[in-house]
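Let us walk through this model from the overall layout to single side chains. Keep the sequence and the coordinates side by side.

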Amino acid sequence: MSDEGKLFIGGLSYETNEESLAAAFGKYGTIEKVDVIRDKETGRSRGFGFVKYDNADDAKDAMTAMNGKSTTSVFAPIFCGLK
């Protein structure tokens, strides 16, 4: 699987899950996959994850719009970068 259209998302709160991350980024395009990376022992978010878009241009739009932004209580200021 290609990493084209895949964003690294950092600065997530420990309460972030796949559904909340998809909800925050879904308005920028069709999402193929969302992963919140979790601690193996506690199951808690490690504070980062990945969002994979069907279209690489949608990923770029999301990165431009969301980089450095805070949304509700789910995220601290987040960092977005292309993988």
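Start with burial. The chain has 83 residues, and 37% of them count as buried. This is a predicted model, so confidence deserves a look before any detail. The average pLDDT over the chain is 85. A score of at least 70 is reached by 82% of the residues. Confidence peaks in β2, at a mean of 96. It is lowest in strand β4, residues 75–82, where the mean is 57. Where pLDDT is low, the predicted coordinates should not be read in detail.

Now the fold. The chain contains 2 helices and 4 strands. Along the sequence they follow the order β-α-β-β-α-β. Contacts reach far along the chain. Among contacts with a separation of 6 or more, 59% join residues 24 or more positions apart. The exposed surface comes to about 4,800 Å². Carbon and sulfur atoms supply 49% of that area.

Next, the interior. In soluble globular proteins, nonpolar side chains tend to be buried together. Here the largest nonpolar core has 13 residues. Those with the most contacts inside this core are L7, I9, L21, F25, V51, Y53 and A62. Which elements each supply at least two residues of this core? They are strand β1 (6–12), helix α1 (18–25), strands β2 (31–38) and β3 (45–53), and helix α2 (56–66).

Turn to the aromatic side chains. The whole structure holds 3 aromatic pairs. One of them joins F8 and F48. Their ring centres are 5.8 Å apart, and the planes make an angle of 35°, a tilted arrangement. F8 belongs to strand β1 and F48 to strand β3, so this pair ties together parts that are 40 residues apart in sequence. Are these two rings buried or exposed? Each falls in between. F8 is partly exposed, at a relative accessible area of 27%. F48 is also partly exposed, at 21%.

F8 has another partner. With F50 it forms an edge-to-face pair, 5.9 Å from centre to centre and with 65° between the planes. F50 lies in strand β3 and F8 in strand β1, so this pair links parts 42 residues apart in sequence. F50 is buried, with a relative accessible area of 16%; the cut-off for buried is under 20%. Taken together, F8, F48 and F50 form one aromatic cluster.

Two charged side chains sit over rings. K6 lies over the face of F50, at 4.9 Å from the ring centre. F50 thus has two roles to follow in the viewer: an edge-to-face pair with F8 and a face covered by K6. Elsewhere, the charged end of R44 sits over the ring of Y14. The distance to the centre of that ring is 3.8 Å.

Finally, follow some residues that are distant in sequence. Begin in helix α2, with D57. D57 is partly exposed, at a relative accessible area of 48%. Y28 is 29 residues away in sequence, yet the C-alpha atoms of D57 and Y28 are 9.4 Å apart. D61 is in helix α2 as well. D61 is partly exposed, at 44%. The C-alpha atoms of D61 and G29 are 8.8 Å apart, across 32 residues of chain.

Move on to the loop between α2 and β4, where N67 is placed. N67 is partly exposed, at 35% relative accessibility. I9 is 58 residues from N67 in sequence, and their C-alpha atoms are 8.8 Å apart. I9 has appeared before, among the core residues with the most contacts.

The last stop is the loop between β1 and α1, which holds S13. Is S13 buried or exposed? S13 counts as buried, at 15% relative accessibility. Its C-alpha atom is 8.4 Å from that of F48, with their positions 35 residues apart along the chain. That brings the path back to F48, part of the aromatic cluster.

Conventions
Residues are numbered from 1 along each chain as its sequence is written. This is a predicted model: local features need pLDDT of at least 70, side-chain atom pairs count only at pLDDT 80 or more; totals for chains, interfaces and linings use all residues. Side-chain values use heavy atoms; hydrogens and water are left out. Buried means under 20% relative accessible area, exposed over 50%, partly exposed in between (1.4 Å probe, protein chains only). Contact means heavy atoms within 4.5 Å. Accessible areas come from the Shrake-Rupley method with a 1.4 Å probe; for residues, only the protein chains shown count as cover. A nonpolar core is a set of buried Ala, Val, Leu, Ile, Met, Phe, Trp, Tyr and Cys residues joined through side-chain atoms within 4.5 Å. Rings of Phe, Tyr and Trp (its six-membered ring) pair if their centres lie within 6.5 Å; planes under 30 degrees apart count as stacked, over 60 as edge-to-face and the rest as tilted. A charge sits over a ring if NZ of Lys or CZ of Arg is within 6 Å of the ring centre and within 35 degrees of the ring normal. pLDDT is the predictor's confidence in each residue, from 0 to 100.
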